Amino acid sequence: MDDIPLARRSQQPAASGSRAGARLRLVLLAGALVLAGAGLVVYVYGPLRRSPAPPVAGLDARPSGDGRLLGHFPYPEARADQLATLAPGVQLRPEAAESLRALQRDAQAQGVRIEVLSAFRPVELQRSLFFDVKSERNQSARTRARVSAPPGYSEHSTGYAVDLGDATRPDLHLNPAFDTTAAYRWLKANAHRYHFQLSFPRNNPQGVNYEPWHWRYEGSTTALRLFEPAQRFAR
Ligand SMILES: [Zn+2]
């Protein structure tokens with residue numbers, strides 16, 4: 001008979017002790033789960049937020065808050081069915097091509113021969129231009145970006161931009177001194193009437209080198225929409 005109360009006494013503390021132990025284990029388990037969850041969140045989202053994957057493989061640079069990469073705005077690539085052929089291997093959006101033909105014809109009528117040096121460039125071509133010339137000249141991406149846009153960031157990929165030259169001065173093609181030619185003087189005075197404008201004037205706020213040969217078409221709503229961020233930035 002004495003055994004029962006003894007057993008109860010000995011069991012009761014043990015039982016309440018195991019309940020406390022179970023509570024402690026639950027609290028510890030919950031704590032561990034919360035810590036593990038927080039760790040997972042930091043592990044998964046932390047690196048994404050702090051360092052998103054670079055937008056251009058092989059280029060250790062990231063876009064600024066306004067989306068520019070090394071000064072250049074991002075541009076989509078025109079699809080093949082959005083392009084018209086101006087000459088063999090020279091393609092532009094139809095409205096830009098038509099306007100450029102008129103521009104060349106009217107300049108020619110005044111004795112000025114304007115030559116198209118480059119028009120639409122696919123992103124892949126822009127990639128090889130950017131990286132090949134960069135490695136050739138042993139330039140840093142930042143230096144290279146002053147004279148050429150990184151792939152995905154070139155106005156040429158839109159089918160609305162052209163590099164123009166003076167046919168009588170091939171020595172000044174893609175040269176800042178192109179601005180001393182008759183072709184440049186004619187463009188400066190007349191290109192706006194054909195909806196072409198200089199993308200990178202001297203000391204442009206985008207920080208891209210002066211390119212008197214590079215003109216973009218802004219005469220359609222699609223073109224205007226594409227170049228709106230660059231226009232807004234230049235104002
Ligand atoms: Zn250009």
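Biologist: What share of the contacts between residues at least 6 apart in sequence join residues at least 24 apart?

Modeller: In this predicted model, 64% of the contacts in the protein chain between residues at least 6 apart in sequence join residues at least 24 apart. A pair counts as a contact here if the C-beta atoms lie within 7 Å.

Biologist: How many helices and strands does the protein chain have, and what pattern do they follow?

Modeller: The protein chain has six helices and six strands, and read along the sequence they follow the pattern α-β-β-α-β-α-α-β-α-β-β-α.

Biologist: Why is L174 called partly exposed?

Modeller: L174 has 15 C-beta neighbours inside 10 Å, and a residue is buried at 20 or more and exposed at 12 or fewer, so L174, with its 15, counts as partly exposed. L174 is placed in the loop between β4 (161–166) and α5 (182–190), and it has a positive phi of about 55° although it is not a glycine.

Biologist: What makes H195 count as buried?

Modeller: The cut-off for a buried residue is 20 or more other C-beta atoms within 10 Å, and H195 has 20 such neighbours, so H195 counts as buried. H195 lies in the loop between α5 and β5 (196–198), and its phi is also positive, at about 70°, although H195 is not a glycine.

Biologist: How do you know that β6 pairs with β4 and with β5?

Modeller: Two strands pair if at least two bridges are found between them. Between β4 and β6 there are three bridges, in the antiparallel sense, and β5 and β6 likewise pair in the antiparallel sense over three bridges, so both cases satisfy the cut-off of at least two. R216 in β6 takes part in both pairings, for A161 stands opposite R216, and R216 is the bridge partner of Q197.

Biologist: Which residues of strand β6 point one way, and which the other way?

Modeller: From strand β6 (residues 214–217), H214 and R216 point one way, whereas W215 and Y217 point the other way, and all are buried. Across the protein chain, 29% of the 235 residues count as buried.

Biologist: What is the mean pLDDT of the protein chain, and where is the pLDDT below 50?

Modeller: The mean pLDDT of the protein chain is 85, and 83% of its residues reach 70 or more. Over residues 46–50, however, the pLDDT is below 50, and this stretch has zero contacts in the model beyond near neighbours in sequence. Where pLDDT is low, the predicted coordinates should not be read in detail.

Definitions and conventions:
Residues numbered from 1 in each chain as written. Predicted model: local features only at pLDDT ≥ 70, side-chain atom pairs only at ≥ 80, totals over all residues. pLDDT = per-residue confidence, 0-100. Contact = placed C-beta atoms within 7 Å. Helix = DSSP H or I, 4+ residues; strand = E, 2+ residues; numbered from the N terminus.
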